[in-house]
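Q: Please take a close look at a single part of this protein: one open sheet and the pocket associated with some of its strands. A connected account of the strand order, the pairing and the pocket lining would be welcome.

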Amino acid sequence: MKERDFSVPRRINRREALKLAFVGGVATTFQACGSRPFHGDGSGRVPRFEAALPIPPVLEPARSDEHGDYYDIEARESTAKILPGRQTTIRGYNGVFPGPTIKATRGRATHIRFTTELQIPVVTHLHGGQTPSDSDGWPTDVILPAGHQVSATSMSMDHAGDAGRMAQASVSKSINNYTYPNDRRAATLWYHDHAMGVTGQNVYMGLAGFYLVDDEEERSLPLPKGPYDIPLMLCVRQFNDDGSFRYNPHGHAGADGDVILVNGAAWPALQVERRRYRFRILNASNSTTFTLALSSGQRFVQIATDGGLIARVVEVQRIPIAMAERVEVVIDFSSYAAGDSIVLRNTEKHGAPGEIMRFDITGPAVSDHDHLPDHLSAVEALRPQAAVRTRTFTFGPRPEWKYHYPPVHWAINGKRFDPECAQANPRLGDVEIWRFVYEKSPWKQTHPVHIHLVNFQILDRNGQAPDAHERGWKDTLRLDSGDDARVIVRFDGYRGRYLMHCHNLEHEDYDMMMRFDVV
């Protein structure tokens, strides 16, 4: 077996990363501009509930030893059949969309060698992971194919103030070797691209996959397992007439679409037995929020949030889920008759965009005598009295008089992202309260606030206790217009530089990020 390269190549700065992202993204932009849009909901050319729900393949380790499991993952271009009679070019981890699922066990490390064949910068972040800083996926820690060189060009940039002629740039780094210790409790995580200035485009094109961590506590519970434990990656996409993705960031307001994809299939159906199923639901959209509900009116039995099991099961009629949030639910199909169908809906939309997928009930009643316990897990409640300080962060736009729309850049505390400057320096082990305030502005878009490295608990939102569906460990908080929310967080794990940012990916690309250093 080939020896792994664990050398530490040259890192590039923010300006170089943006230049590379710009050059690599030109082809995608020209493709979107040169093709006619395909309207999925108006034309009726995308049949709903005919495609079978695909289950992302589980990646087997290349090898294992006493130090953990070792994987090789390559970002490359490939094609996928998403629309009838068309092939869609994707950027996929190991050439598939969603990327292959990685299954990990708490306390056993995962080592991943990331490489790429894409002619655009990439860097991978394990969302929700407690990882060392050098494995977190810093946005300028990008890789390109070995020997790749970006030619000199006179194209100007209109991103983050880096306008001007580009000098010749090259990146010697072609590999990221990352180690994920998996020290935290069982949870549904995901990995996705995080490259400076091009995250939105790379994720829209397919660079995202599930990362599922289990532990002894979760395995001991009578939860649905095996084929009855199903991950669902929700996202929206727009297509060109030839079947290619039409990536339109609407300036930098956010890329959306009119076709709903689940695990890479448009409006799929899943045949289910008359028994309980566990669904791990991720909103992997760039800028689209969902509020989940079942067409039958049945309540979800929620068992987990971003950071794993909640203390007690919660029955809820609807579950709002912003970009990057995860929720785990159990749905019991035993009361339905064979031949019945139930639609998973998004109550924020009407018509086709308001439908996500369909469950088709089949077969006789199945003996499923395991009952979910009321108590699932011991969840430590962080006490506000333990906080050593409170910090306030405002999220909102700032005017920018350039020829783009909207005429703003996105800011935290009025500042655009500076990778060389930390806006907070919490001490390792400290408990802090972070307050998030949505600034008043004409641009009323959701800002899902994501903090790297740590999990947090929501103390209150607009002076009220958090809703039932978000009372657990979280790493992403939905911040809507007018919201003022407080979270409490313990900065454990590792020292180093990390990020907090909005998970509207185009807001992130246009500077709604900040660096914090755990010291």
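A: The account below begins with the whole protein and then turns to the sheet and the pocket.

The model is predicted. The protein contains 5 helices and 35 strands, and buried residues make up 60% of its 519 residues. Among contacts with a separation of 6 or more, 78% join residues 24 or more positions apart. The accessible surface comes to about 19900 Å², and carbon and sulfur atoms hold 48% of that surface.

The part in question is an open sheet of 4 strands, arranged in the order 5-12-11-7 with mixed pairing. Strand 5 (99–105) and strand 7 (124–127) each have a single partner strand and stand at the edges, so one side of each is left without a neighbour in the sheet. From one strand to the next, the twist averages 20 degrees. Within this sheet, strand 11 (residues 187–193) and strand 12 (residues 208–214) are paired in the antiparallel sense over 6 bridges. T188 has L212, in strand 12, as its bridge partner.

L212 also leads to the pocket. The second largest pocket encloses about 440 Å³ of space. It is lined by 21 residues, of which K103, L212, G226, D229 and R280 are the closest to its centre. Strand 5 and strand 12 each give two or more residues to this lining, as do helix 4 (216–219), strand 13 (229–237) and strand 18 (276–283). L212 is thus named twice in this account, as the bridge partner of T188 and among the residues closest to the centre of the second largest pocket.

Conventions
Residues numbered from 1 in each chain as written. Predicted model: local features only at pLDDT ≥ 70, side-chain atom pairs only at ≥ 80, totals over all residues. Heavy atoms only, no water. Buried < 20%, exposed > 50% of the residue type's maximum accessible area, 1.4 Å probe, protein only. Contact = heavy atoms within 4.5 Å. Areas by Shrake-Rupley, 256 points an atom, 1.4 Å probe, with all protein chains shown as cover. Pairing = 2+ DSSP bridges. Axes fitted to C-alpha atoms, helices over the stretch in contact; angles between N-to-C directions. 1 Å grid on protein atoms, 1.4 Å probe; cavity = no way out; pocket = protein on both sides within 12 Å on 5 of 7 lines; lining within 4 Å. Points joined across faces, edges and corners; volume = space filled by probe spheres on them.
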